[in-house]
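Work through the exercises below with the coordinates open. Each task is followed by a stepwise solution.

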Amino acid sequence: MTDIPEQTGVPAEPAQRAPGYAKPTRAQAVVAHFKREWQLYAMLLPMVIWLLVFLYKPMYGLQIAFKDYSIFRGIQGSPWVGFEHFETLFSNDQFIRALRNTVIISFYTLLFGFPVPILLALMFNEILHKMFKKTAQTIVYLPHFISSVIIAGIVITAFSPSAGIVNTMLGWFGVEPIYFLTKPEWFRPIFIGTGIWQEAGFQSIVYLAAIAGVSPTLYESAVVDGASRWQMMWKITIPSILPTIIIMLIIRIGNIMEVSFEMVILLYQPATYETADVVNTFIYRQGIQGGQYDLAAAAGLFNAVVAFVLVIGANSISKRYSRTSLW
Amino acid sequence: MTNFNLYSRGDKLFVVLNMILIGMFAISTLYPFIYIAAVSFSSGFEARAGNVVLTPVGATLEAYKHVLSQPMFWISYKNTFIYTIGGTLMSLVIIIPGAYALSRPQLKGRRFWNLLVAFTMWFNAGMIPFFLNMRDLGLLDSYFGIIIGFAVNGFNIILLRNFFEGIPQSFEEAARMDGASEFQVLWKVYVPLSKPAIATVSLFCIVSRWNGFFWAMVLLQDEEKIPLQVYLRHTIVTLSDDNEFGASLVDAAYSVETVTAAIIVCSIIPILIVYPFIQRYFEKGILLGGVKE
Amino acid sequence: MSGVRLDHIVKAYGGLQVVHGIDLEVTPGEFVVLVGPSGCGKSTTLRMIAGLEEISDGTLTIDGTVMNSIAPKDRDVAMVFQNYALYPHLNVADNIAFGLRIRKTRKDEIAAAVKEVSGILGLTEYLERRPADLSGGQRQRVAMGRAIVRQPKVFLFDEPLSNLDAKLRTQMRAEIKRLHKRLGATSIYVTHDQVEAMTLADRIVVMNDGRIEQIGSPMDLFLNPANTFVAGFLGSPPMNMVTAKVVAGDTGPRAEFGGQSLEIADLPELRGQSGRIVTLGIRPEFVTLTTEDGAGVAVDVDLVETLGSEALVHATLGEKPFVIRAETIGRSLAMDGKARFTIPPHLVRIFDADSGKALAGQVHDQ
């Protein structure tokens, strides 16, 4: 296309002046640049303003985590209290429980949920029938696009003690109806299972794309060598997508503080708080519902900092591993 | 490679077994939806007794009649349309020019602007400061608040920016030499060339707007302004615990279960209608937004 | 029609200077080719003329007006890009008309202009097609049509033929030449291909490392390269370079290398300079193979490439490659490892061994 700014440059040296023309000063050059390109900055402006008003201004507001905040005094006027809220939090059983639940739910989601999309992608790859493949993919991607309220509605209906299909089926085997959603021991399996059901299909897309990137000649030479489909899957496909698998794993570990709390809010109830309450639902109850904004903001700040460290760590590891960063 | 007849016996078995497993997974994904549809068309009595498995029992449209006769259903449906269309347009109006500017090499401070976007994907202030900020801005209980407050997200910006960056710079240069202003370059050249990416972003916006529930629940107290998802939650989650409502329905032709199911069906339909369009784009879309600085 | 003038044009990225003060005057209607290896600054220079790169220092004048801070669209120049930059979502007619539409030209004028231009370029049948449905050569024509239709003061070409295959390139080269004859527009053309430069240019500007090495007509540069860089860059196969020592001979000065010697021109600069080391430039075309025993210079032949009417004899002279272009018609090129050539003394170009500059006093007219 064009010559890339040349590599052969030498340090700038003053050129001889053409008569009647002075080299522009730095300030003049900047003014000239903005005169030429002002439209570009005009395009950028609304987005930057939005980011500042809706995302960066709240970061400024985070200081209430260190203040005795009251609505009437405002963020500025409230007195500083140092780490008092954090001390309160870490001596609060509910917060400790929420922290533990967050990590446990994430861990099990990772343990059971991570392999499923990989398996699905490998299996989709083995399907020769185009229509069948397309149809099955269309179906398994679908739940991703359904709102959490509807998913929760389906879960509540299906697990309802009297009317739900789950208890109906258990009834065929003589099991007495179980009040699933009020039992702490059932919350996590139902929550995690729902998550896998909803997202596994969609998550398989990344792996399918990675598989699609494997050169067909690898398979062709394997066929000539007499390899079976099973062998090809193990010797070619899986090693080829291993980098993708590892990157996805790192990302997921980076996001361990993120439990889809919308779904928790929809599915939990006081009877299941013991196993269901996560940090964000704790923040929601204490802050939005309970009005303890400063304490809840402190919990949020703690969560955000841990998440930030994890995400940055994950990104730098994946960068080192793959030379591609995630952003 | 793809000729089944040339496969060995073992491979044939493997392929067939695999198809059966995938088929089972697909059916188990689909089944809850079929079940809900079946419940919604069943009589309240049969549904309560847990007799519905696959097809409607005591088929009736009573549940739908009940749902569709609720004024709140229609109000919230209308509100969802307002939030979805308004919110998506707002997103595009802010994101398209912003992402385009970020993609231009002649933009000064490009690294800084990109960092400003990327940082919001790594760190966010969280629920409480965001809520207080919306309150301080006077955006509680307002249509505009919901529409503007969630207009931008880093992922969509980066997806579009990456797409714009993939378009050769010479298109911009040619257009500028042809006399186009930067706005004309964007509108007459880059936007038409980026239809797939813009469609992807639009569809992501539409889906997230249609499904959005948490912030609408938190920010909107006025019943006249709540979207469908919040109304759904009121009915589904609260009514299912409400024994009084349950009791009042014992003799009716519909029940909590059938009404819930009917609302679910009504609110899924628009998503099912746009789903085929979404599917064309999102597979490329999610990959576009991912890897690459 | 208008001229373009570059006075000490400099391009620097931060502290890194990549174009070091270019001086060039392009007269109205002239076809000037900037040629040089990739990274020599030729495209950057062209883009500064177009207004796509800011000029760090120096003055650019088009038609007497200083253009340094004028936006590209107001410079009244048109550019043909290497990848053509045809808008894929517009058909050929709309692509050609794009610039006129942006400038709010009247509809009937646009239609007339598109019709005329597509007639000139033989695109009339393809006006409704999208760029994706065109062949490489047709796309190339549309790109030129888009430039021509605006009737700009100056045409700029940025390696417009490099995406075409060899045969098409030759054809389009001729077409550009014909078009320039017909329109007579001032044109500045960038290429790394010295054949394109030789065939198209009224004047060639050879660039290297952000500097102009030499400016002149194609034949002038071919016959009188100012330095070893130009000598090596223009001509295919390139000029052979031989390091030699000047000695006094019976009939005049001779150049001695590896136990052999060659008669060279009696340049004033060489008088009394016996023992000076110089670089001899010997064009493959200028030497004559000889079968006479003991005459001329002997080389070791590796390989003979027969091209039809001529052949390239790849040989080595003192371990360095040496190529000879020889006629094949009516003679046998059977050689058993050795060949001998002669060359008239005035056709041996002599360069200073250190600076690479041609010694003064060697001027050949065509």
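Two strands pair if DSSP finds at least two bridges between them. The model is predicted.

**Exercise 1.** State the strand order of the five-stranded open sheet in chain C, and find its edges.

Solution.
- Step 1: Follow the pairing. The order is β13-β12-β11-β14-β20 (chain C), and the pairing is antiparallel.
- Step 2: Look for strands that pair on one side only. These are β13 (260-263) and β20 (349-352) of chain C.
- Step 3: Take the angles. Neighbouring strands of this sheet are turned by 45 degrees on average, direction ignored.
- Step 4: Zoom in on one pair. Strands β11 (residues 240-248) and β12 (residues 253-257) of chain C run antiparallel and are joined by four bridges. Lys245(C) has Glu256(C) in β12(C) as its bridge partner.

**Exercise 2.** Describe how chain B meets chain A.

Solution.
- Step 1: Count each side. Chain B gives 90 residues to the contact and chain A gives 84.
- Step 2: Find the main contributor. Helix α1 (residues 9-40) of chain B supplies the largest share of the chain B side, 17 residues.
- Step 3: Sort the chain B side by character. It holds 57 nonpolar, 23 polar and ten charged residues.

**Exercise 3.** Split chain A into domains and characterise their contact.

Solution.
- Step 1: Set the bounds. Domain 1 spans 27-73 and domain 2 spans 92-321.
- Step 2: Place them. Their C-alpha centres lie 35 Å apart.
- Step 3: Count the contact. Six residues come from domain 1 of chain A and five from domain 2 of chain A.
- Step 4: Sort the domain 1 side. Four residues are nonpolar, none polar and two charged.

Terms used. Residues are numbered from 1 along each chain as its sequence is written. Chains are lettered from A and ligands numbered from 1 in the order in which they are written. This is a predicted model: local features need pLDDT of at least 70, side-chain atom pairs count only at pLDDT 80 or more; totals for chains, interfaces and linings use all residues. Domain bounds come from an automatic or database domain assignment. Two residues are in contact if their C-beta atoms, placed from the backbone, lie within 7 Å. Ala, Val, Leu, Ile, Met, Phe, Trp, Tyr, Cys and Pro count as nonpolar, Asp, Glu, Lys and Arg as charged, and the others, Gly among them, as polar. Helices (H or I, at least four residues) and strands (E, at least two) are DSSP runs, numbered from the N terminus. Axes are lines fitted to C-alpha atoms, for helices over the stretch in contact, and angles run from 0 to 180 degrees between N-to-C directions.
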